[in-house]
Amino acid sequence: MINLKKGILFTALFSSLFFVSCSNDEDDELMGNWIKKSAFDGPARSSATSFVIGDFAYVVGGYTGDEYLKDLWIYNSTGDYWEQKADFGGVGRSSASSFALNEKGYVGLGYDGTNKLKDFYQYDPSSNSWTQKADFGGTARYAAVGFQAGGKAYFGTGYDGNYLKDFYQYDDQANSWTLVNGFSGNKRRNATVFVIADKAYLVTGINNGTYQEDFWEFDPSTDTWTRKRDIDKDTDDDYSYNDDYAIVRSNASSFSINGLGYVVGGESTKTIWEYNPSTDLWEERTPMEGATRTDAVAFAINNRGFYMLGRIGSSYFDDAWEFRPLEEQSDDDN
């Protein structure tokens, strides 16, 4: 019996070493490098929102675990430093949505700890001031997406007590919202959107406890949604492209650089996947080298991708990272 136990122990130890070795080999094959940047100057937080104008990213609001915030911070990617600007015009909130349009930033929707919100504000960087605009055209909600593509800006999906899939376009000249075509997939909250060449890509999210596997491309010039390949792992079909996919998730973040899209982080994961619109395929890159996190912020400035803030459980983060997909992973820069 003792020899049998020793045999089992040796086999288990050998198997563990084998799998650790395989895992490391696999990680070593992934391309991409994460570089730690200047820490966020404001309080650590999750569920902030962001927009980019020119060479600068603007981060607004969020939740510290105790307080719903309304502060605004600007990130200078060239100098790698932060500067505080005028507080957001509405009440403090988390899970708001935002976009940039015609050199101005726009923030609306969200949750203030009691209420779902539908108010909507414009930020003018030239005067460092906020102006309230027409309320969002749909229901008050949070965990929606916001984006601008092809000169048109949109809010859509989210949660108002019900999971949602409607989309509204904002006209900054008329200061008005118009209900536009939605996609034919499932309703969802906590999805994410990245934009490549004037087309928007809606991906991930959750509906009634189920991570969504459908993936959509939106062309604002024709107001049409096109379903792309699903993002779930499937080894039972005739295709092999998605045998290793592990992309489905909620509360992920995304950005696009050099014509490719990236989805990173989310609930219980810190993996990052790269999307190529010319092949409609995804490829895994080096996982985030900091802590796993959800409800983080991501954006791109001049084809540089950044990922920051967020939380895991009740621990909130104020660190900031840049991802360089063409570099090999290094531990010397974080």
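Two strands count as paired here if DSSP finds at least two bridges between them. By that standard, β8 and β9 are a pair in this predicted model, running antiparallel and joined by five bridges. The predicted protein as a whole has one helix and 28 strands. Its radius of gyration is 21 Å, close to the 20 Å that the globule rule gives for 334 residues, so the protein is as compact as a globular protein of that length.

A few overall values help to set the scene. Taken along the principal axes, the C-alpha atoms fill a box of roughly 80 × 45 × 40 Å. Of the 334 residues, 49% count as buried. The protein exposes about 15000 Å², and carbon and sulfur atoms supply 45% of that area. If one looks at contacts between residues at least 6 apart in sequence, 50% of them join residues at least 24 apart. As for charge, there are 30 positive and 51 negative charges, and the mean positions of the two sets are 5 Å apart.

Now back to β8, which covers residues 120–124. Five of its five residues are buried, so this strand is largely enclosed by the rest of the structure. In a regular strand the side chains alternate between the two faces of the sheet. That pattern can be followed residue by residue here: Phe 120, Gln 122 and Asp 124 point one way from β8, while Tyr 121 and Tyr 123 point the other way, and all are buried.

What does β8 pair with? Besides β9, there is β7 (residues 104–108), which pairs with β8 in the antiparallel sense over four bridges. Tyr 123 is a handy landmark for both pairings. Gly 105 stands opposite Tyr 123, and in β9 the bridge partner of Tyr 123 is Trp 130. The link from β8 to β9 is a hairpin with four residues between the strands, and Asn 128 in the turn has a positive phi of about 50°.

Further along the chain comes another run of antiparallel strands. Strand β10 (residues 145–149) is joined to β11 by five bridges, and six bridges join β11 to β12 (residues 163–171). Is β11 itself, at residues 152–159, mostly buried or exposed? Seven of its eight residues are buried, so β11 is largely enclosed by the rest of the structure.

Each of the two links is a hairpin. Between β10 and β11 there are two residues, and Gly 150 in the turn has a positive phi of about 60°. Ala 149 has Lys 152 as its bridge partner in β11. The hairpin of β11 and β12 has three residues between the strands, and here Gly 161 takes a positive phi near 105°. Tyr 159 has Tyr 163 as its bridge partner in β12.

The loops have their own stories. Ala 143 sits in the loop between β9 (129–133) and β10, and counts as buried because its relative accessible area is 7%, with under 20% as the cut-off. Leaving aside neighbours within four places in sequence, Ala 143 is in contact with Ser 95, Gly 158, Arg 189 and Asn 190. Ala 143 and Ser 97 are 46 residues apart in sequence, yet their C-alpha atoms are 7.5 Å apart in space.

Asn 102, in the loop between β6 (97–101) and β7, is exposed, at 52% relative accessibility. Not counting residues up to four places away in sequence, Asn 102 touches Asp 172 and Gln 173. The C-alpha atoms of Asn 102 and Lys 152 are separated by 9.6 Å, although these residues are 50 apart along the chain.

Finally, two other loop residues have a positive phi without being glycines. Asn 258 has a phi of about 50° and lies in the loop between β20 (253–257) and β21 (260–264). Asp 280 has a phi of about 60° and is found in the loop between β22 (272–276) and β23 (281–285). Their surroundings can be set side by side: Asn 258 is exposed, with a relative accessible area of 53%, whereas Asp 280 is buried, with a relative accessible area of 12%.

Terms used
Residues are numbered from 1 along each chain as its sequence is written. This is a predicted model: local features need pLDDT of at least 70, side-chain atom pairs count only at pLDDT 80 or more; totals for chains, interfaces and linings use all residues. Side-chain values use heavy atoms; hydrogens and water are left out. Buried means under 20% relative accessible area, exposed over 50%, partly exposed in between (1.4 Å probe, protein chains only). The radius of gyration is taken over C-alpha atoms; the globule rule is 2.2 Å times the number of residues to the power 0.38. Contact means heavy atoms within 4.5 Å. Accessible areas come from the Shrake-Rupley method with a 1.4 Å probe; for residues, only the protein chains shown count as cover. Lys and Arg count as positive and Asp and Glu as negative; His and the chain ends are not counted. The place of a charge is taken as NZ of Lys, CZ of Arg, CG of Asp or CD of Glu.
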